[in-house]
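Work through the exercises below with the model open. Each task is followed by a worked solution.

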Amino acid sequence: MRPLAETGTRGAAFWMLVLASTAGYVVNGATTPVVPRLATEHLGADPALGGLLVSLAAFVSIGAMPLAGLLSDRVGPRRVLLCSGLLAAAGLGVVLVALSIPSLAVSRVVFGAGNAATATALTAWVVAEAPVAQRSRALGLFGLAVWIGLALGPVLGESLFRSVGHQAVWVVTIGIQLVGLAVALLVRGGRAPVHTTEVRRAGAGVASVLRAVVRPGTAGLVAWAAEGFMIAFLIQHLVDQGVDAQGVLGAADVFAVFAGSVVGVRLLLGGLPDRLGPVRTARAALVVLAAGLVVLAVAHDFPTAAAGAVLVGAGYSPLFPTLTVLVTRRLDDRTRATGVGVFSAVTSAGYAVGSLVGGLLVSTVGSGWALAVLAALQLAAVPALGRHDPARPRDLRAR
């Protein structure tokens with residue numbers, strides 16, 4: 001098999017990395033909604049504690065992602081991926097040993113660190129080895145793994161949880177995690193990078209990374225806060241609003257509509273950042289995302305919820321590739337993976353805040369108002385991106 005650096009997005013190497021990434025997001029999507037339900041329905045906890053347990057994985061990933069990016073710059077993403085994939089599988093296995101609030105907490109911490117480092121290493125691999133002229137397109141296609149996982153994961157987890165029991169959720173997801181790791185390790189490449197830029201003092205590298213991350217990171221923080229809330233509480237919100245819990249048009253199927261919208265918009269309008277520029281595209285995406293959250297907040301039936309999911313998906317569709325390009329385009333080959341890790345940590349912080357604060361809001365004002373607050377935050381982040389797009393380099397224009 002020819003490596004990613006030679007074949008780009010058309011080769012088997014790229015799509016095997018996409019498959020490995022998808023497996024990780026399926027696992028996350030399948031297990032995360034089960035955690036607050038186990039806490040509340042089986043262990044007698046309140047929604048706030050359920051939200052805290054969900055957020056633990058995101059909080060630990062805030063540290064794991066920059067570390068994984070830094071190590072990927074030093075020793076290569078392949079080695080980071082091997083260790084992190086095994087760590088994620090071990091975290092899932094904790095709940096099979098004992099079901100309790102402490103075991104759920106330990107599981108979320110260990111799994112969160114491993115899963116976050118896995119995602120960072122895979123993204124760093126693509127950023128480092130995708131041909132420069134295909135980098136933004138590669139990130140756009142690679143990012144589809146998030147939404148495919150979000151479509152399949154909650155449905156898989158809900159089906160296993162209701163039909164077989166929570167033990168089946170952990171057994172199946174451990175298998176998926178290990179299969180994804182094996183697929184990624186079949187790909188050539190991912191070794192320690194050979195740097196072509198001159199050595200700079202550490203402080204200069206850190207400063208350049210922080211400057212690159214600050215504006216797109218602000219948008220990523222609030223956008224991923226909405227995702228963190230939705231994956232933990234949207235099913236519960238829709239069921240409380242009158243949407244059926246199960247069936248073809250059940251609450252969990254809204255995630256499939258959501259993910260389908262992301263994939264469809266990205267395939268149809270994947271060149272939008274080239275025409276509008278990444279800043280304008282991201283600003284418009286945040287507005288559309290806010291509109292979708294408002295529709296979900298007031299939805300009382302599946303068609304309305306599906307309409308909201310389409311808008312949310314259309315808003316999210318360009319955010320990952322656009323914001324990642326804005327972060328990495330001014331970083332060199334010594335700091336690019338570190339930039340990916342820091343930006344990923346910022347989005348994980350948003351994910352953690354969304355599930356944690358979301359749980360508190362659900363307990364105090366209700367899930368509908370929580371979604372409305374998240375919508376307002378998306379609009380508040382629009383000015384942070386700035387008014388003008390930077391000059392477009394060749395790697396963003398070319399396809």
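**Exercise 1. Salt bridges**

Task: How many salt bridges does the count come to, and which residues do they join into one network?

Solution.
- The model is a predicted one. Apply the cut-off: a side-chain nitrogen of Lys or Arg within 4 Å of a carboxyl oxygen of Asp or Glu. The count comes to 3 salt bridges.
- Start with Glu41 and Arg37. Their side chains meet in a salt bridge at 3.3 Å, N to O. Both residues lie in helix 3 (residues 34-42), 4 residues apart, about one turn of the helix.
- Move on to Glu158 and Arg37. They form a salt bridge, with the closest N and O atoms 2.5 Å apart. This pair links distant parts of the chain: Glu158 is in helix 8 (residues 144-163), Arg37 is in helix 3, and 121 residues separate them.
- Take Arg162 and Glu158. Their salt bridge has its closest N and O atoms 2.5 Å apart. Both sit in helix 8, 4 residues apart, about one turn of the helix.
- Now join the pairs. Shared partners link Arg37, Glu41, Glu158 and Arg162 into one network.

**Exercise 2. Burial within the network**

Task: Classify Arg37, Glu158, Glu41 and Arg162: buried or partly exposed?

Solution.
- Use the cut-offs: buried is under 20% relative accessible area, exposed is over 50%, and partly exposed is in between.
- Arg37 has 17%, so Arg37 is buried.
- Glu158 has 13%, so Glu158 is buried.
- Glu41 has 49%, so Glu41 is partly exposed.
- Arg162 has 42%, so Arg162 is partly exposed.

**Exercise 3. A buried charge without a partner**

Task: Which side chain of opposite charge is nearest to Glu227, and what does Glu227 touch?

Solution.
- Locate Glu227. It lies in helix 10 (residues 202-241).
- Check for a partner. Glu227 is buried yet has no salt bridge. The nearest side chain of opposite charge is Arg266, 9.9 Å away.
- List the contacts, leaving out residues up to four places away in sequence. Glu227 touches Val146, Trp147, Tyr316 and Tyr351.

**Exercise 4. A buried asparagine**

Task: Is Asn28 buried or exposed, and which residues is it in contact with?

Solution.
- Asn28 lies in helix 2 (residues 12-31).
- Its relative accessible area is 14%, so Asn28 is buried.
- Set aside neighbours within four places in sequence. Asn28 is then in contact with Pro33, Phe111, Asn115, Ile231 and Tyr351.
- Compare the contact lists. Tyr351 is in contact with Asn28, and Glu227 touches Tyr351 too.

**Exercise 5. Two sides of a helix**

Task: What span should helix 17 have, and where around its axis are the buried residues?

Solution.
- Helix 17 (residues 367-381) has 15 residues. At 1.5 Å a residue, they should span 21 Å. The end C-alpha atoms are 21 Å apart, which agrees.
- Its buried residues are Ser367, Ala370, Leu371, Leu374, Ala375, Gln378 and Ala381.
- These residues cover an arc of only 145° around the axis, so they are on the same side of helix 17.
- Trp369 and Ala380 are exposed on the other side.

**Exercise 6. Confidence**

Task: Where in the chain is confidence lowest, and where is it highest?

Solution.
- Begin with the whole chain. The mean pLDDT is 84, and 91% of the residues reach 70 or more.
- Find the extremes. Confidence is lowest in helix 18 (residues 394-397), at a mean of 39. It is highest in helix 9 (residues 166-185), at 94.
- Look at residues 393-399. Their pLDDT stays under 50, and the model has 19 contacts for them beyond four places in sequence.

Technical notes
Residues numbered from 1 in each chain as written. Predicted model: local features only at pLDDT ≥ 70, side-chain atom pairs only at ≥ 80, totals over all residues. Heavy atoms only, no water. Helix = DSSP H or I, 4+ residues; strand = E, 2+ residues; numbered from the N terminus. Expected span 1.5 Å × (residues − 1). Buried < 20%, exposed > 50% of the residue type's maximum accessible area, 1.4 Å probe, protein only. Arc of directions from axis to C-beta. Lys, Arg positive; Asp, Glu negative; His and termini not counted. Contact = heavy atoms within 4.5 Å. pLDDT = per-residue confidence, 0-100.
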